[in-house]
Amino acid sequence: LAPADAGVSEAEARRMYEWRATQYDVAAVYTLDPVAIRLAKGALDAGEPFESVSGRYSLSGMLPPGGALGFVTPGQLIPPLDGALLTLPVGKVGGPYETTQGWFLLQVRATQPRQQMSFELQQPTLMDMLR
């Protein structure tokens, strides 16, 4: 949908590089139904474990058990989920997030540093990602 010649600055690529120095252990609830995502959020707010809520409300077979996506880095998820990684405190549930693919709740369970190649080696890939 974006033009092939969309301008991306080196500063934007460097910022993405900095963001990708951290990886996030993420769990999700995923459904196509806005009513179901609100019910799932209510269950989580009432104290139900994330794993059981994800198992009950997520589309069958679309997520790993308990909604555990494992460790992801910025650039791997679709908007606005990707941006939520950078702002969600560990343990807090974010959402509901509406995407072109449905509705999501996210929980960042942990963060850890991520080894990566130099910026110079990754710059072309990062700029493509940002386009």
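The lining of the largest pocket is made up of nine nonpolar residues, one polar residue and no charged ones. That pocket holds about 160 Å³ of space. Keep in mind that this is a predicted model. Here's a quick tour, starting at the pocket and working outwards.

**The largest pocket**

- The residues lining the pocket are A28, Y30, M62, L63, L69, L77, I78, L81, Q101 and F104.
- As for how such spaces are found, rolling a probe the size of a water molecule over the atoms shows where empty space is left.
- L81 is worth remembering, since this pocket-lining residue also turns up among the members of the largest nonpolar core that touch the most other members.

**The nonpolar cores**

- In soluble globular proteins, nonpolar side chains tend to be buried together.
- The largest nonpolar core here has 15 residues, and V26, L81, L85, L88, Y97 and L106 are the ones that touch the most other members.
- Two or more residues of this core come from each of β1, α4 (81-87) and β4 (102-113).
- The top contributor is β1, which gives four residues.
- Apart from that core lies another one, with 11 residues, including V29, I37, V53 and W103.
- Y97 has plenty of company: setting aside neighbours within four places in sequence, Y97 is in contact with P80, L81, A84, L88, G102, W103, F104 and L106.

**T31, at the end of a strand**

- T31 sits in strand β1, which covers residues 22-31.
- Is T31 buried or exposed? With a relative accessible area of 6%, T31 is buried, because anything under 20% counts that way.
- The side chain of T31 reaches the backbone nitrogen of D33 at 3.2 Å.
- Leaving out residues up to four places away in sequence, T31 touches A36, I37, Y57, L59, G102 and W103.
- Two of those names, I37 and W103, also belong to the core of 11 residues.

**W19, at the end of a helix**

- W19 belongs to helix α1, residues 10-19.
- The relative accessibility of W19 is 29%, so this residue counts as partly exposed, falling between the 20% and 50% cut-offs.
- Not counting neighbours within four places in sequence, W19 is in contact with Y24, P74 and L86.
- How far apart in space are W19 and R114? Their C-alpha atoms are 9.9 Å apart, although 95 residues separate them in sequence.

**Two cis peptide bonds**

- Most residues other than glycine have a negative phi, and most peptide bonds are trans.
- The bond from P79 to P80 is cis, with omega near 0°.
- P80 lies in the loop between β2 (68-72) and α4, and P80 is one of the contacts of Y97.
- G95 and P96 are also joined by a cis peptide bond, with omega at about 10°.
- P96 is part of strand β3, residues 93-99.

**The whole protein**

- Which elements build the protein? There are five helices and four strands, and along the sequence they follow the pattern α-β-α-α-β-α-β-β-α.
- The C-alpha atoms fill a box of roughly 45 × 30 × 25 Å along the principal axes.
- Of the protein's 131 residues, 39% count as buried.
- Among contacts with a separation of 6 or more, 67% are between residues 24 or more positions apart.

Key:
Residues are numbered from 1 along each chain as its sequence is written. This is a predicted model: local features need pLDDT of at least 70, side-chain atom pairs count only at pLDDT 80 or more; totals for chains, interfaces and linings use all residues. Side-chain values use heavy atoms; hydrogens and water are left out. Buried means under 20% relative accessible area, exposed over 50%, partly exposed in between (1.4 Å probe, protein chains only). A polar contact is a pair of N or O atoms within 3.5 Å; within protein, one must be able to donate a hydrogen and the other to accept it, and residues adjacent in sequence count only if both atoms are side-chain atoms. Contact means heavy atoms within 4.5 Å. A nonpolar core is a set of buried Ala, Val, Leu, Ile, Met, Phe, Trp, Tyr and Cys residues joined through side-chain atoms within 4.5 Å. On a 1 Å grid over the protein atoms alone, a cavity is a set of points where a 1.4 Å probe fits but cannot get out, and a pocket is an open set with protein on both sides within 12 Å along at least five of seven lines; lining residues have an atom within 4 Å of a point. Grid points are joined across faces, edges and corners, and a volume is the space filled by probe spheres set on the points. Ala, Val, Leu, Ile, Met, Phe, Trp, Tyr, Cys and Pro count as nonpolar, Asp, Glu, Lys and Arg as charged, and the others, Gly among them, as polar.
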